[in-house]
Each structure stands twice: as structure tokens, then as C-alpha cells.
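Here are some remarks on the model you sent round, set down as numbered points so that each can be checked against the coordinates.

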Amino acid sequence: MTNTLQQEQPLQLQACIGFNGKCDNGLVLHPDNQHLLYPLGSVIVVRNVIKRQNTSLEGHDNEVSCITISNNGKYIASGQTTHLGFPADAIIWDFASRSIIHRLALHKTCVKDLSFSACNTYLSTLGGQDDNSLVVWDVESGNSICGTPAHNETAHCVKFLNNTWQRLVTAGDGHMRVWTFDLKNKKLRPQDVKSGSTKRVVTNLTISPCDSKMYCGSLSGDLLECSIKDGNPNLVAKGPKSPFPAGVTCQAALPSGDIICGTGEGVLRKYMVDEQKFHPETAGKVDGAVTSISVTQDGQNFFCGTSDSCIYWGCAATLKTELRNTCHTTAINAVAFPKNYSKVFATVSSPDIRIWNAETRQEILRIQVKNLECHCIHFMDDGKSIISGWDDGKIRAF
């Protein structure tokens, strides 16, 4: 028995099918255009889309809430949620070795958003509703440089400007701010964007390539265009005239300066910055609310993540998309293989049964029964039918 135990080896993870699509901006494309990063519970999955191989970054002890990558691709930063009042860590990772460089522990309950500076030297982190503090860190040493409350109201997003490390912006409930990072005096100095009577809950933002404008997506369904070039930041435009009913949930800037916007209805639209309006014809549609858009380096294509845990590949010119990956969005209750056959398997969750190709990890078939949850599943020995048990007390055969 002793020899048998000594010979046992831990099982090696071969593949992982899953994606937490409810994490805002959680699907991130590495600058090398080969690796996708996304959260799955308390781990970060690094997927090589060319070789279809996965590795995992394990270091958080609770659900990952945000991810970002430095401009040079050398560093990854991630934040997590935790229980009310407990510390919520942010972690800086080395991408090449997939190892932890620094663990940053100043926020409580949640790290809502984070952003690397253009020079990759500094990292800004934003705490969640119960914390709401803005902190700037030195990436090399892992030490905090300065910090301050982001606003009296909750802030939701933070981003360094594209061409300078001395300025960054935040936005949230009824406010948008431009910050000056004074390294010498270790201070963050805010300046509010003048928006008059226009007050919105801003959940996402992008900055123009030349740093002259920032674009804020709101829960009210419109996009706010703000001038931030001079010392007098102000609102200059907003649209569309008929707001998107479920809000502008995420956005990404193209090299041309135009912006791809995603909505809570699963609609993709392109905002033309020169004309200050949305393109009347170019549009795309996906399943679930759009939570992530990550553009390739050449600006020709993009990856899109949704709240239904779907990953799409899209064309930036037409916004047409094709489904690349999907998975369950709730707990998986059972897994089954057919008798004497290992090339496919089935999983069950609420409210569906899914059949998967075990080699490609792609979904082959989906069986849905609305408003019900499937608890168990079994393949008949002849492989001709699937027997399943549901929470309404019925056994169904498909």
C-alpha cells in the first residue's frame, strides 16, 4: 500500500470550460494577440487562442472582480471581492512566469477597477462601494504612493491617460473627475468635469488616443463625450437621442478613435467621434448583456464577452460576430459520459442540458426547459437517449 501511495501523482488539469461573463471588462486580450485572460471564480484563466491551451493564475481567495494588463504586456493586475469589512487584495502578476510579484492590501470588501499608467510604472486601484478609495501604487516596489477618497458618491471606473502618467480619470454615480498625479508631493488633485444638469451613473469609460476626450457609458443608456484636454474639463456631447434601454455597459476604442459600445440588451454599436453620433447601420447582436470588449492590436477584430458567459469573435468594421466559446452561467449539478465512449459528455445546470465535444471542448447540443432546473442526468446504454431529473419532480427523456 505504501508503494502505491508513493507512486500516485496529482491529476494535471488538461482543460477548463468556463468564463465569468458577469465581471465587467473581465475578458482581456494580451498585447501579443495570442492570449485571452478572463476570471473563473477565484482564478484567472490565461488561454492561448492559437494552441487552445489554458493555464491558471491562482492567488486570490475569493471571486476575481477585475483584470487589466500593462501596455507592454509584462504585468497583469487583478482585484477581488471579499466579505463586508474584510481586506480585498489586488495582485500584480508577472505574465512570463505566471507568478505573483506583489500583493496589494489596502482596499476593503472589493477592488472595483484598476489601470496601469502609460509608462507601466504605476498602477491605480479603485475600491468598491464600501471602500471608494483611489490609490496609486509603484509597480516595481509594490508600495502605495498616495491615496484619497474617489468622491462622496460611489466611483465605478478608473483609467490612466494614454500618453502621460501624470493624469487619470474616474467616474461613477453622478460625477466624472480628472486627476493630476503629483508624484513629488504624493498627492492626487481632482477636478470635476462640468456637466451642468446632466447627471448619470457612469459604469465604464474610454479615452481618445490623443487624450483630448473621454467617453463615459451610463446606466441611462447614453454615451457622454467630455473634453479633458485643457484645465477646464466639460461635457461637450451626448447620444443617442433615443437612449439604449438597458444602458451602455462597456466600450472599447479603435485605433481610428471610433468607439465600439455594448449595451445591456446585447447590442453592439459604433460611435463615430468625428460626427459625434452612432453609425445608423452598423450594429451587432449577441446573447446576454455585453460586459467586455477587447480589440486586437491592428484594430480589425475584437473579442466580446457577455453576461451569459459567451465569448464572441467580431469584425470591427461591421460588428458582425460569431460565437467562439460558451458555458453554464450557474452551478453544474451533474456530469455524465455515455457507456464505453469518452469523446462526448453531458453537463446539467439551470435551465439546460449541454452536450460537449471532449476533445475540442466545444458545445455540440443544448437542451433547454425554461423556468426549471435539471438535477441529474444519465445516458442510456444504447446511447440513443438521455434521461434527466428536474426540480418539478419529473423525469424527462430526450
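The points below go from the whole chain to one sheet and then to one pair of strands.

1. Please keep in mind throughout that this is a predicted model. By secondary structure, the protein chain holds one helix and 35 strands. The radius of gyration of the protein chain is 23 Å, close to the 21 Å that the globule rule gives for 398 residues, so the chain is as compact as a globular protein of that length.

2. As for overall dimensions, the C-alpha trace of the protein chain spans about 75 × 60 × 40 Å along its principal axes. Of the 398 residues in the protein chain, 52% are buried, while the chain exposes about 19000 Å², of which carbon and sulfur atoms supply 47%.

3. On the sequence separation of contacts, the relevant set is made up of those between residues at least 6 apart in the protein chain, and 40% of these join residues at least 24 apart.

4. One sheet deserves a closer look: it is open, is formed by four strands in the order S9-S10-S11-S12, and has antiparallel pairing. Its edge strands are S9, covering 111–116, and S12, covering 144–149, each of which pairs on one side only. From one strand to the next, the twist averages 15°.

5. Within that sheet, strand S11, which comprises residues 133–138, pairs with S12 in the antiparallel sense over five bridges. Which residue in S12 stands opposite Val136? That position is taken by Cys146.

Terms used
Residues numbered from 1 in each chain as written. Predicted model: local features only at pLDDT ≥ 70, side-chain atom pairs only at ≥ 80, totals over all residues. Heavy atoms only, no water. Pairing = 2+ DSSP bridges. Helix = DSSP H or I, 4+ residues; strand = E, 2+ residues; numbered from the N terminus. Axes fitted to C-alpha atoms, helices over the stretch in contact; angles between N-to-C directions. Rg over C-alpha atoms; globule rule 2.2 N^0.38 Å. Buried < 20%, exposed > 50% of the residue type's maximum accessible area, 1.4 Å probe, protein only. Contact = heavy atoms within 4.5 Å. Areas by Shrake-Rupley, 256 points an atom, 1.4 Å probe, with all protein chains shown as cover.
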